[in-house]
Amino acid sequence: MMLAWVRTLIIACSLYAPVCAGFEIIAHRGASGYLPEHTLAAATLAHSQGPDFIEQDVVMTKDHIPVVLHDVQLQDVTNVEQVFPDRHRADQHFYAIDFTLAELRQLSIHERHNSQGEAVFSQRYQGDSGGFRIATLVEHIELITQLNRQFAVNIGLYVEIKAPAWHRRQGVDISDAVITLIQHQVARICQ
């Protein structure tokens, strides 16, 4: 049983790539071709499609909580510019690490836009009122492990730590935080 849960919590990075040689399908950012990337809804839809793994890219919040987002910056996939217009850095970018989880929860996630506000993938989901929010890594782990339990399947998580060197320059060891979190989740699940 423990091996099944450990498979569910694989960390995807180049050091572990040989471990993953036997799988076939990774739901990249969840079902990102259908719903906004890395939302719990996209992960749920991806799970229903039966991949071997569902990917979670992880960045850190100001209050050191790992959240699932593809980029360290927020403006391409959220409404941060409308909710917190003055919170950008000198480079005009809004960084997840500059916001607490409570602040990030105020944002809506939308399909990826370019700097002119145009949809990068115009054939994808274009709704504005879906209520998609930023989720934590713990919420993704719980969702996928519970769906696995309910449907008697073993779809794994494919956790990618985004920009670890950049996070270290910001004073945060994201790699240690994510590994510690996963160890705690494995211990909790395997009790």
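This is a short group-meeting talk on one predicted protein chain, from its overall layout down to a few single residues.

Okay, hi everyone. Some housekeeping before we look around. Residues are numbered from 1 along each chain as its sequence is written, and side-chain values use heavy atoms, with hydrogens and water left out. Because the model is predicted, local features need pLDDT of at least 70 and side-chain atom pairs count only at pLDDT 80 or more, while totals for chains, interfaces and linings use all residues.

So, how confident is the predictor? pLDDT is its confidence in each residue, from 0 to 100. The chain averages 87, and 88% of the residues score at least 70. Residues 1-18 are another story: pLDDT is below 50 there, though the stretch still has 38 contacts in the model beyond near neighbours in sequence. By contact I mean heavy atoms within 4.5 Å. Where pLDDT is low, the predicted coordinates should not be read in detail.

Now the layout. There are 7 helices and 5 strands. Those are DSSP runs numbered from the N terminus, with helices being H or I of at least four residues and strands being E of at least two. Reading from the N terminus, the order is α-β-β-α-β-β-α-α-α-β-α-α. Of the 191 residues, 46% count as buried. Buried is under 20% relative accessible area, exposed is over 50%, and partly exposed is in between, using a 1.4 Å probe and protein chains only. And if you take contacts between residues at least 6 apart in sequence, 69% of them join residues at least 24 apart.

Let's go to helix α2, residues 40-48. Which of its residues are buried? They are Ala 42, Ala 43, Ala 46 and His 47. These four sit on the same side of α2, because they cover an arc of only 140° around the axis; that arc is taken from the directions from the helix axis to the C-beta atoms. Their cover includes β2 (26-27), β3 (53-60) and α5 (137-151). After α2 comes Gly 50, with a positive phi near 75°.

Keep α5 in view, and bring in helix α7, residues 174-189. Their axes come within 11 Å and cross at roughly 35°. Axes here are lines fitted to C-alpha atoms, for helices over the stretch in contact, with angles running from 0 to 180 degrees between N-to-C directions. The crossing is right-handed, meaning the near helix is turned clockwise from the far one by less than a right angle; anticlockwise would be left-handed. On the α5 side the contact is made by Leu 137, Val 138, Ile 141 and Thr 145, and on the α7 side by Val 178, Leu 181, Ile 182, Gln 185 and Ile 189.

Leu 137 turns up again when we look at Val 68, in strand β4. Val 68 counts as buried because its relative accessibility is 0%. Leaving aside neighbours within four places in sequence, Val 68 is in contact with His 38, Gln 56, Asp 57, Ala 135, Thr 136, Leu 137 and His 140.

Next, the loop between β4 and α3, which holds Thr 78. Buried or exposed? Thr 78 is buried, at 2% relative accessible area. Its side chain has a polar atom 2.9 Å from the backbone oxygen of Leu 74, and the side chain also reaches the backbone nitrogen of Val 80 at 3.2 Å. Both are polar contacts: N or O atoms within 3.5 Å, where within protein one must be able to donate a hydrogen and the other to accept it, and residues adjacent in sequence count only if both atoms are side-chain atoms.

Asn 79 is in that loop between β4 and α3 too, and it counts as buried because its relative accessibility is 18%. What does Asn 79 contact beyond four places in sequence? Leu 107, Ser 108 and His 110. Asn 79 and Leu 107 are 28 residues apart in sequence, yet 5.9 Å apart C-alpha to C-alpha. With Ser 108, a polar side-chain atom of Asn 79 lies 2.8 Å from the backbone nitrogen.

Last stop: Glu 103 in helix α4, residues 101-104. Its side chain reaches the backbone nitrogen of Thr 100 at 2.9 Å. Farther off in sequence, beyond four places, Glu 103 is in contact with Phe 84, Arg 87 and Asp 98.

That's my tour, thanks!

Notes: pLDDT is the predictor's confidence in each residue, from 0 to 100.
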